[in-house]
Amino acid sequence: PDGLIDSKGFRTVRPYSIKAIYELATAKVWIDNARKDFWIKKKKSQFYVQTWHGPVCIKAVEKDAEKALSPVYIANAKRDSRNADYIVAEAEWRYNNIRNAFWYDGKIIKGEFKKKELLSVQEVTQAVKAHYNIKENERIILYVPTFRKNATTDCYSLDYTRVIDALKAKHDSDYRFIVRLHPNITKLQNNLTYSDNVLNGTDYQSVDELMVAADIVISDYSGCIFEGYRAKKTVLIFATDMESYISSDRKMYFDLYNLPSPVSKNNDELIDIINHFDSVNYEDKRKAFVENLGYYEADASKLVVDEIIKRIG
């Protein structure tokens with residue numbers, strides 16, 4: 001709601017409202033993790049830090065996906081990059097990606113946002129389980145598929161019951177799914193079928209908290225795959241439309257079959273992967289892969305604040 005001020009002093013306004021336009025026009029500093037809309041005008045006196053959304057991604061973005069983007073988006077992205085005083089890169093991989101694909105030759109802050117240190121894993125897990133009435137001994141499977149440009153949900157054909165049964169048989173534990181759709185298609189969340197064991201996580205306040213609480217992460221082409229690797233989770237890939245997605249939607253920065261995760265293209269393959277999953281081999285691959293991405297150790301939040309203080313005092 002408009003005007004809400006929480007205990008930390010943040011004032012909220014509804015996106016695209018008159019109040020939001022006023023705040024953007026009068027703020028000394030902008031911090032955003034997505035492109036600003038074309039109609040938002042930046043003054044010379046304003047300081048703009050673009051944090052982007054995710055240290056690493058599997059889908060090509062910006063200039064690398066130019067053929068899949070509209071001329072309007074491209075023009076706006078170039079304008080937004082010109083407006084940015086800094087862009088934050090959380091890993092060496094993203095630093096190179098920004099230089100190559102963001103139409104940006106300005107200053108880059110090298111640092112990671114220390115989200116995982118805000119609360120302990122136990123506190124976050126307890127909060128998530130309490131929110132969904134999940135028992136303490138039950139484990140969480142987080143299903144986080146990405147969006148398709150045609151906004152279809154037909155590809156989200158995961159057989160939740162078979163997956164739960166296979167995992168229970170293998171690990172002698174009870175599991176429940178939390179399903180979270182990409183922000184671009186939140187309006188489609190009611191197209192999916194939920195139950196006591198399949199919970200709707202699309203509107204939950206933080207995907208980071210869901211990631212922390214999860215024991216297993218299942219995705220297709222989402223950057224959440226890499227967040228799962230960083231969080232030392234078991235990540236499984238369920239990609240039913242790989243060929244058509246790559247040919248008609250976005251090219252990939254990574255070959256799915258070269259990632260630490262086993263790849264399934266249907267439910268039978270996924271169940272077979274679960275039954276024969278080698279956790280030791282997976283962990284060796286996961287650790288080496290994460291190290292190769294080059295995540296920065298510096299605290300990005302502190303670096304951003306330091307630059308703001310230098311700029312505006």
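**Briefing: two parallel sheets and two nonpolar cores**

Four bridges join strand S1 to strand S2 (residues 47–50), and the two strands run parallel. This is a predicted model. The protein has 11 helices and 10 strands. Its radius of gyration is 20 Å, which agrees with the value near 20 Å for a compact globule of 313 residues.

**Overall build**

- Along the principal axes, the C-alpha atoms of the protein fill a box of roughly 60 × 45 × 35 Å.
- Of the 313 residues, 47% are buried.
- Take the contacts in the protein with a separation of 6 or more: 61% of them are between residues 24 or more positions apart.

**The four-stranded sheet**

- Four strands make an open sheet, in the order S1-S2-S3-S4, with parallel pairing.
- Strand S1 (29–32) and strand S4 (107–110) stand at the edges. Each has a single partner strand, so one side of each is left without a neighbour in the sheet.
- From one strand to the next, the twist averages 20 degrees.
- Strands of a sheet pair through backbone hydrogen bonds, either parallel or antiparallel.
- Where S1 meets S2, Val29 stands opposite Phe47.
- S2 also pairs with strand S3 (residues 86–89), in the parallel sense, over two bridges. There, Gln50 stands opposite Ile87.
- Which residues of S2 point which way? Phe47 and Val49 point one way, and Tyr48 and Gln50 the other. All four are buried.

**A loop residue: Asn33**

- Asn33 is found in the loop between S1 and S2.
- Why does Asn33 count as partly exposed? Its relative accessibility is 37%, and the partly exposed class lies between 20% and 50%.
- Leaving out residues up to four places away in sequence, Asn33 touches Gln50, Thr51, Trp52 and His53.
- Asn33 and Ala231 are 198 residues apart along the chain. Their C-alpha atoms are separated by 21 Å.

**The six-stranded sheet**

- Six strands form another open sheet, in the order S7-S6-S5-S8-S9-S10, and the pairing is parallel.
- The edge strands are strand S7 (198–200) and strand S10 (263–264), and each pairs on one side only.
- Strand S8 (residues 216–219) and strand S9 (residues 234–238) run parallel, joined by four bridges. Ser219 stands opposite Ile237 in S9.
- Helix H5 (residues 160–171) lies across strand S5 (139–143), strand S6 (175–179), S7 and S8. The helix runs at about 140 degrees to S6.

**Nonpolar cores**

- In soluble globular proteins, nonpolar side chains tend to be buried together.
- How many residues does the largest nonpolar core have? It has 54. Those with the most contacts inside it are Ile58, Val128, Ile178, Phe226, Tyr229, Phe254 and Leu256.
- Phe254 is in contact with Val56, Cys57, Ile58, Trp93, Phe226, Leu259, Phe289 and Leu293, leaving aside its neighbours within four places in sequence.
- Apart from the largest core lies another, of 27 residues. Among them are Phe147, Tyr175, Ile218 and Leu236.

**Cysteines**

- A disulfide is a covalent bond between the sulfur atoms of two cysteines.
- How many disulfides does a search of the whole structure find? It finds zero.
- Why does Cys57 have no such bond? The closest cysteine sulfur, in Cys224, is 12 Å from the sulfur of Cys57, and that is too far for a bond. The cut-off for a disulfide is sulfur atoms within 2.5 Å.
- Cys155 is in no disulfide either. The nearest cysteine sulfur is that of Cys224, 15 Å away.
- Are Cys57 and Cys155 buried or exposed? Cys57 has a relative accessible area of 10%, so it is buried. Cys155 is also buried, with a relative accessible area of 10%. Buried means under 20%.

Notes. Residues are numbered from 1 along each chain as its sequence is written. This is a predicted model: local features need pLDDT of at least 70, side-chain atom pairs count only at pLDDT 80 or more; totals for chains, interfaces and linings use all residues. Side-chain values use heavy atoms; hydrogens and water are left out. A nonpolar core is a set of buried Ala, Val, Leu, Ile, Met, Phe, Trp, Tyr and Cys residues joined through side-chain atoms within 4.5 Å. Buried means under 20% relative accessible area, exposed over 50%, partly exposed in between (1.4 Å probe, protein chains only). Contact means heavy atoms within 4.5 Å. Two strands pair if DSSP finds at least two bridges between them. Axes are lines fitted to C-alpha atoms, for helices over the stretch in contact, and angles run from 0 to 180 degrees between N-to-C directions. The radius of gyration is taken over C-alpha atoms; the globule rule is 2.2 Å times the number of residues to the power 0.38.
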